[in-house]
Number of protein chains: 2
Amino acid sequence: MASPTLSDVAQAAGVSYATADRVVNKRGNVAEKSIRKVRDAMAALGYVRNVAAANLSRGRVYRLAFLIPLGPNAFFNRIRDHLKITAERLQTEQIRVEIIEVAAFGVEDMQAGLTALLEQDFDGVAIVGLKSAALEQPLAALRQKGVAIVGLVSDLPIDYRSAYIGIDNRVAGRTAARLIGMAHGGGKGLVQTFAGALAAHDHAERLAGFQEVITADFPKIALLNPLMTKDAAAVVQSQASAALAQHPDLTAVYNVGAGNSGLIAALTLAPRKPFCVVHELVPHTRKAVEAGHIDIVIDQRPDVEINRAFSVLRALIDEQGVPRMPELVPTIYLRDNLPGAPFPETMKDKTT
Amino acid sequence: MASPTLSDVAQAAGVSYATADRVVNKRGNVAEKSIRKVRDAMAALGYVRNVAAANLSRGRVYRLAFLIPLGPNAFFNRIRDHLKITAERLQTEQIRVEIIEVAAFGVEDMQAGLTALLEQDFDGVAIVGLKSAALEQPLAALRQKGVAIVGLVSDLPIDYRSAYIGIDNRVAGRTAARLIGMAHGGGKGLVQTFAGALAAHDHAERLAGFQEVITADFPKIALLNPLMTKDAAAVVQSQASAALAQHPDLTAVYNVGAGNSGLIAALTLAPRKPFCVVHELVPHTRKAVEAGHIDIVIDQRPDVEINRAFSVLRALIDEQGVPRMPELVPTIYLRDNLPGAPFPETMKDKTT
DNA sequence: CAAAAAATGATAGGCGTCAATCATTATTCT
DNA sequence: AGAATAATGATTGACGCCTATCATTTTTTG
């Protein structure tokens, strides 16, 4: 009943342990015939290699690095928190995690960070929310060295990473559009969108997806030109206030980027409240949902992403191929399914 | 730089390996003073036990059983599929999974299934979607034996399980209500709900949550009495058709239970299409979303639940306590964020 | 057919931990 | 103090696999 070991396989195949070992570890110098015998025996016995034993034997430790933009951004804080908790838990499995913080928008810093990675020998690297052509050089070098690379939250050039773990931002934008459209109940509408900058791929994609759906499926809803905010709360606030004042018939707002505290502030002051959709559940957006200023938060589930990053990195390092896992879907939060607080008080004032 | 071993700890603490071992494995017969010395040394060196080595040494294999209702139910099929895939992958980590199918609504079968578990010695059991007072006896016996028990998808009596992995159905119902409410854009409405049977806790909870939110926050929306369907598609279809005919002003329908193919059929035939919310993304509901017959699917993410079941069971068996993980949230699908193929191809396949 | 090359066998030490044994040393009790 | 008890030390053989070495056999080649 005990699991068969490699010795069992060797015996069943009628070869020595050494030969069986040569086969499973691809050491070469084995006759085709023997390879077949061993393979057959493995199949017959249902042999599965005991990775624990293997890793123990070869003294493997998984050395992983997470590159995360530095700064007070609430979303990245969330990532960092989850990362720390998970890393802690994975210590027992010989996984060592280093969190490397990189100045958010300085290309040189990123390059420096990546280059530094080359020195230390990591087995895998997850790169969070950094995208720049300037990264290609060091990424290529890392890859060359056999380091597993995954893009987290925002994708990397496809040639330089083995996997992307994050949501499809076009889908996220479309989702926002569908919800906003629905909330108009077939009526007319006017929507103001906000983005950090169109240079940011994810923002551009969200906006594109958003516009696609609105134009295609909700002809009665008009779109104002997106306002660029640099993801700065102050900018968002002033622009949002201006937009609210200028368009008394505004029915909805959608911010694809950050700086939501500004948006919330503007909405709090506004006499009417348009339907409001934003991204990422962080303390202040959460509060705003509870208060009724924000109707919907579309979230990436960084916790899920982090978990997945670990399993993918590990699989890549073990050369097992990326496990098949269902797609990551932008999660929709509204006041009733916020995690943590089961039952919010119901809204007294009715809106939309 | 290498991780400290227990020998290192012993040395640093100035005791023998044997004593250090007595401390970490709680074998007793150790002086307080020594315990302290060892603990301090562990902290100082940052010792973490190498579980791989430990499990190897004690020849541990995790023997897990999943009890799943038998039958052609699309949702349970989904669970089963994910389970198989995951189990396959976890073989390398000495996790052996047995899927035990139990006749869905036969209490005796369930009991028999559980009692059978007692004979074989499993380390952990996950019980999916079965709830009955008749289970208490065998559950208690299992627990007594030290088997870790988790409820999956639908909860077990709290005294007989160590964890529940599933969504909060009241939250799910509230979520549905909020979405339906939103979709009325502040206008009037009339909603028909469907449930399998109120005896099913999850159905009752969903309905309750749903009614809570509608009555509290959407006073212009009227609720018809829920129709009981026994989760049978044929019943759903006839009732839905009747309701649609009888209430020309019906604006929305919400089915908390199964039998959605009947609902879809009825909607397809209907001249007007009310806003439609159902549960669980399975092939036919998915198709209906794409076709525009269903507007929203609220899903449990069985894949996520399965994954979590494994980590929780493992943690329980290792006596590490249940890791803190973010709550499971009912996921909202609409036509724009439907996941691609349920099981995307592997991105890179290298057989070992 | 002998020599070279390729394949195979046999075996051993180590990875970190567990579990056990036996001998030795401290501590407590009468 | 001496005996009984508790605590500690020292050591060993698994567990399954990796890695390496060296001897032996088989196959290929000229």
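**Entry 1: DNA strand D**

I looked up A:Arg49 and found an N or O atom of its side chain 3.0 Å from a phosphate oxygen of DNA strand D; a polar contact here is a pair of N or O atoms within 3.5 Å, while within protein one must be able to donate a hydrogen and the other to accept it, and residues adjacent in sequence count only if both atoms are side-chain atoms. I note that this is a predicted model, in which local features need pLDDT of at least 70 and side-chain atom pairs count only at pLDDT 80 or more, whereas totals for chains, interfaces and linings use all residues. Residues are numbered from 1 along each chain as its sequence is written, chains are lettered from A and ligands numbered from 1 in the order in which they are written, and side-chain values use heavy atoms, with hydrogens and water left out.

I then turned to A:Arg27, which has a polar side-chain atom 3.4 Å from a phosphate oxygen of DNA strand D. In chain B, I found a polar side-chain atom of B:Thr19 at 2.8 Å from a phosphate oxygen of DNA strand D. I listed the elements that give two or more residues to the surface near this strand: α2 (17–24) and α4 (51–57) of chain A, and α2 (17–24) and α4 (51–58) of chain B. Helices (H or I, at least four residues) and strands (E, at least two) are DSSP runs, numbered from the N terminus.

Which residues come nearest to DNA strand D? I recorded A:Tyr47, A:Ser57, B:Ser16, B:Ala31 and B:Ser34, out of 25 residues around the strand; a residue is near if one of its heavy atoms lies within 4 Å. Of the DNA strand D atoms within 4 Å of the protein, I noted that 65% belong to sugar or phosphate and the rest to bases. By class, I have ten nonpolar, ten polar and five charged residues at the surface near DNA strand D. Here Ala, Val, Leu, Ile, Met, Phe, Trp, Tyr, Cys and Pro count as nonpolar, Asp, Glu, Lys and Arg as charged, and the others, Gly among them, as polar.

**Entry 2: DNA strand C**

I found 25 residues surrounding DNA strand C, with A:Ser16, A:Ser34, B:Leu6, B:Tyr47 and B:Ser57 the closest. Sugar and phosphate make up 63% of the DNA strand C atoms that come within 4 Å of the protein.

I checked polar contacts to its phosphate oxygens. A backbone N or O atom of A:Ala31 lies 2.7 Å from one phosphate oxygen of DNA strand C, and a polar backbone atom of B:Leu6 is 2.7 Å from a phosphate oxygen of DNA strand C. For B:Arg27, I recorded a side-chain N or O atom 3.4 Å from a phosphate oxygen of DNA strand C. The elements giving two or more residues to this surface are α2 and α4 of chain A and α2 and α4 of chain B. Which element gives the most to the surface near DNA strand C? I found α4(B), with four residues.

**Entry 3: sheet of chain A**

I traced an open sheet of five strands in chain A, ordered β2-β1-β3-β4-β5 with parallel pairing; two strands pair if DSSP finds at least two bridges between them. Each of β2 and β5 (163–165) of chain A has a single partner strand, so one side of each edge strand lacks a neighbour in the sheet.

I counted eight bridges between β1 (residues 62–69) and β2 (residues 95–102) of chain A, which run parallel. Within this pair, A:Leu64 stands opposite A:Val97 of β2(A). At the other pairing I checked, β4 (residues 148–152) and β5 of chain A run parallel over three bridges, and A:Val150 has A:Ala163 in β5(A) as its bridge partner.

**Entry 4: sheet of chain B**

In chain B, I found five strands in an open sheet of order β2-β1-β3-β4-β5, with parallel pairing. I noted β2 (95–102) and β5 (163–165) of chain B as the edge strands, each pairing on one side only. Strand β4 (residues 148–152) of chain B is joined to β5(B) by three bridges, in parallel. I also found B:Gly151 opposite B:Tyr164 in β5(B).
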